[in-house]
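Biologist: I would like a close look at a single part of this model. Please keep it brisk.

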Amino acid sequence: MVTRREFTAGVGAGIAAAGFPNLAQARSYNGPNVILIRFGGGVRRYETIDETGTYAPYMRKVLAKRGTLIPNLMIDQLAGGNTSHAEGTLNLLTGRYEAYRDAGSKFLQDRLEPTEPTLFEYLRHTYNIPSHQALLINGEDRPQEEFFTYGIHGHYGIDFRSEMLSLHRFKLYKFARILEGGGLTDEARIAAENSYAELLAADARDIVPEQSPEIQTMWARWREHYGDDGLKNPRGDRLLTELALWAIRDLNPKLMMINYQDPDYVHWGNASHYTRAIAIIDDGIRRVVEAVDANERYRNNTVIVITPDCGRDANPLMSVQYQHHFNSRSSHEVWAMVVGPGVSRNRIYDRQVDQTAIASTLAEVMGVPAARSEGDVLSGLFG
Ligand SMILES: [Zn+2]
């Protein structure tokens, strides 16, 4: 491992040579785009990065040739806290362990908010990047993940938040427009009012401030494309892929995190739900990479990191397999794949790496001082 200073002198120079001037002090951002793909919720190495066991053949056998695979990423056993989805995601975004607290919502369990700055906040604190270009893409049934858009650390916070794309957010937009539009029968108006009130009640932070005009413009197009019946748009993790593709096309995000989640359905005990969900994420990754390759603003100018939130148990004697809350070793065993300009190609990174290194390394790639991150900078990925 190297210090940040050494990294900036060495790898920073490498990135500059690859076409990214080092403008860490400038207000406008000229660094690479970053797409952080959470291969959630909770996957084991065997079904993802093991060449014989993988259900993600595009990622493991095609995309891996374009980048570096870190097979031995670990969630620290002592400092890692609960090995679960919100926790792992916030480890990735803050570069620290247990940098979160219970947000105290009365509506949903499992609501954590970061107590340290996230990558989104570091980025927008340093550069003049509008909120719709720092994006979090979340699943429909996880409004609690909106808490990840900013932390409560004093120097950062809501002014530097990311925005979120999700079906929940779209429906908030849609019912607000329906009610504004008027011309409804009493019955239709009451139904729309009730739906809107329910969405607001489940919303993590009461949509303050409003979704930005750019996001609302995208939702207007989405509504026109898919209609109001909610039946035509893709569901589950396919929906997250679709939102990511629309974002790349319409919003030009500089930092985007896609929070895939559907392998977590294995909590219900059916292993085929788990392996099928992995295959669907693999297909999503392929489509995102193809969109990057086809887009002038992203091609050769985008660092993609794919990494799980947490692992899963490997004990075949458990009555319900594939859980992840019991602090077993394999629930701490994750991995990462890194692809992009300056990243070594077709390489396996053979050292053990800590999960907190992801935030520190991405901050360095973006030229952002992530002062509170505790992870190592993986300069060895580059060059
Ligand atoms: Zn879970």
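Which residues point one way from β7, and which the other way?

Modeller: This is a predicted model. From strand β7, L255, M257 and N259 point one way. M256, I258 and Y260 point the other way. All of these residues are buried. The pattern fits a general rule: in a regular strand, side chains alternate between the two faces of the sheet.

Burial covers the strand from end to end. β7 spans residues 255–260, and 6 of its 6 residues are buried, so the rest of the structure largely encloses it. A residue counts as buried here when 20 or more other C-beta atoms lie within 10 Å of its own.

Now the strand partners. Strand β1, residues 33–39, runs parallel to β7, and 6 bridges join them. In that pairing, F39 stands opposite Y260. Strand β5, residues 134–137, also pairs with β7 in the parallel sense, over 4 bridges. There, A134 stands opposite L255.

Next, the helices on either side of β7 in residue numbering: α9 covers residues 236–250, and α10 covers residues 271–294. The two pack at an angle of about 10°, with their axes 9 Å apart. Angles under 35 degrees count as roughly parallel, and α9 and α10 are therefore roughly parallel to each other. From α9, the contact uses D237, R238, L240, T241, A244, L245 and I248. In α10 they meet A277, I280, I281, G284, R287, V288 and A291. By class, that contact has 9 nonpolar, 2 polar and 3 charged residues.

How values were computed:
Residues numbered from 1 in each chain as written. Predicted model: local features only at pLDDT ≥ 70, side-chain atom pairs only at ≥ 80, totals over all residues. Axes fitted to C-alpha atoms, helices over the stretch in contact; angles between N-to-C directions. Parallel < 35°, antiparallel > 145°, perpendicular 65-115°, else oblique. Contact = placed C-beta atoms within 7 Å. Nonpolar A, V, L, I, M, F, W, Y, C, P; charged D, E, K, R; others polar. Buried ≥ 20, exposed ≤ 12 C-beta atoms within 10 Å, placed from the backbone. Pairing = 2+ DSSP bridges.
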